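Ready for some practice in reading a protein structure? Work through the exercises below with the model open beside you, and try each task before you look at its solution.

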Amino acid sequence: MASQPARIVSAWRPAVPGVVEVFHARFTEYAYPMHVHDAWTLLIVDTGAVRYDLDRHEHGTPHDTVSLLPPHVPHNGSPATPEGFRKRVLYLDRTYLGDELIGAAVDRPDLRDPLLRKRVGQVHGALLRPGEELEAESRLLFVGERLRGHLGGDSDKPRPADPVLARRLRELLDERVVEGVGLQEAAGLVGAHPAHLVRAFSTAYGIAPHQYLTSLRVGRARRLLLEGRSPGEVAAETGFYDQSHLTRHFRRLVGVPPGRYRRGRSAVPRQ
């Protein structure tokens, strides 16, 4: 039986404000020497564990922990188990966490918070799917809020409902179904903090902005398919990244892939 590769890595920079790099890796033997980053390092470990030193103190990352390593502070890293580890990392700029939180992160870099870990995993899931940048940005805003709460900054306590703000975002999404809009841009256009904007919309309509926009796009896609357009054409004309992106959401919301839906129009009996 062939042994598994000792190092498997993938890295990319998504079109999501604040994310400098996404890094997924599996290491069995490699040990990082002492080094620094100029960005915040948000780390979750899916299998195994990592042992590391930060500010001359030893720490660890079991699978239920979220580790937040601040910029400019030296740290290393090595496998803490014989099988090595598999990790997912977000490198974040100051969009979500400011330098004033570095000291708190040095004191307590490992956070036992199941909800936070789930949310970080959801961000990674969205970042793996081309065309889901709005979802990733939305989810990352709430990750940032929860991290600031742990570090003694802003918390993610519920805020008052704001139906007027929610309606303004809905109108903006209605206007930009195909081209879409990022949360930072939307927040600037309506004059609100991005996280408050998402929370206000979700409270008012019971659905997140990215889910609302996807629903509008699928609705348009249905109409075009019933006109006889091909799924590839429809994907390009309704704001989806590509045909597979359309198919994934169409199947989830309609129950069948777009090709089958299009063929079904010819099966309707004529009066």
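**Exercise 1. A charged residue and its surroundings**

Does Arg88 count as buried or exposed? Keep in mind that you are looking at a predicted model.

*Solution.* Step 1: look up the relative accessibility of Arg88, which is 19%. Step 2: compare this with the cut-off, since buried means under 20%. Step 3: Arg88 therefore counts as buried.

**Exercise 2. The partner of Arg88**

Find the residue whose side chain meets that of Arg88 in a salt bridge, and say where the two residues lie.

*Solution.* Step 1: recall that side chains of opposite charge can pair when their charged atoms come close. Step 2: the side chain of Arg88 meets that of Asp46, with 2.8 Å from N to O. Step 3: place both on the chain: Asp46 belongs to strand S4 (residues 40–48) and Arg88 to strand S9 (residues 85–92). They are 42 residues apart, and the pair links distant parts of the chain. Step 4: check Asp46 as you did Arg88; its relative accessibility is 21%, so Asp46 counts as partly exposed.

**Exercise 3. More salt bridges**

How many salt bridges does the structure hold? Describe the one between Arg94 and Asp99, and then the one between Arg129 and Glu135.

*Solution.* Step 1: the count for the structure is 13 salt bridges. Step 2: Arg94 and Asp99 meet through their side chains at 2.6 Å, N to O. Arg94 has 34% relative accessibility and counts as partly exposed; Asp99, at 43%, also counts as partly exposed. Step 3: in the pair of Arg129 and Glu135, the closest N and O atoms are 3.2 Å apart. Here Arg129 is partly exposed at 29%, whereas Glu135 is buried at 9%. Step 4: look for shared partners too, as salt bridges of this kind join Asp46, Arg86, Arg88 and Arg117 into one network.

**Exercise 4. The order of the strands**

In what order do the six strands of the open sheet stand, and which strands are at the edges?

*Solution.* Step 1: go across the sheet and you will meet S1-S2-S9-S4-S7-S10, with antiparallel pairing. Step 2: find the strands with a single partner, namely S1 (7–12) and S10 (110–112); these are at the edges, so one side of each has no neighbour in the sheet. Step 3: follow the twist, which averages 20 degrees from one strand to the next. Step 4: take one pair in detail: S1 and S2 (residues 19–27) run antiparallel and are joined by six bridges. Ala11 stands opposite Phe23 in S2.

**Exercise 5. A histidine in a strand**

Which residues are in contact with His75, leaving aside its neighbours within four places in sequence?

*Solution.* Step 1: locate His75 in strand S8 (residues 75–79). Step 2: with 4% relative accessibility, His75 counts as buried. Step 3: list the contacts: Pro33, Met34, His35, His37, Asp53, Leu54 and Leu69. Step 4: add a polar detail, as a polar atom of the His75 side chain lies 3.3 Å from the backbone oxygen of Val73.

**Exercise 6. The nonpolar cores**

Which residues of the largest nonpolar core touch the most other members?

*Solution.* Step 1: this core has 38 residues, and those that touch the most other members are Trp40, Leu42, Leu90, Leu140, Val143 and Leu147. Step 2: helix H3 (residues 133–150) supplies the largest share of this core, seven residues. Step 3: another core, of 13 residues, lies apart from it and includes Leu165, Leu172, Val181 and Phe201.

How values were computed. Residues numbered from 1 in each chain as written. Predicted model: local features only at pLDDT ≥ 70, side-chain atom pairs only at ≥ 80, totals over all residues. Heavy atoms only, no water. Pairing = 2+ DSSP bridges. Helix = DSSP H or I, 4+ residues; strand = E, 2+ residues; numbered from the N terminus. Axes fitted to C-alpha atoms, helices over the stretch in contact; angles between N-to-C directions. Buried < 20%, exposed > 50% of the residue type's maximum accessible area, 1.4 Å probe, protein only. Polar contact = N/O pair within 3.5 Å; in protein donor to acceptor, adjacent residues only side chain to side chain. Contact = heavy atoms within 4.5 Å. Salt bridge = Lys/Arg side-chain N within 4 Å of Asp/Glu carboxyl O. Core = buried A, V, L, I, M, F, W, Y, C linked by side-chain atoms within 4.5 Å.
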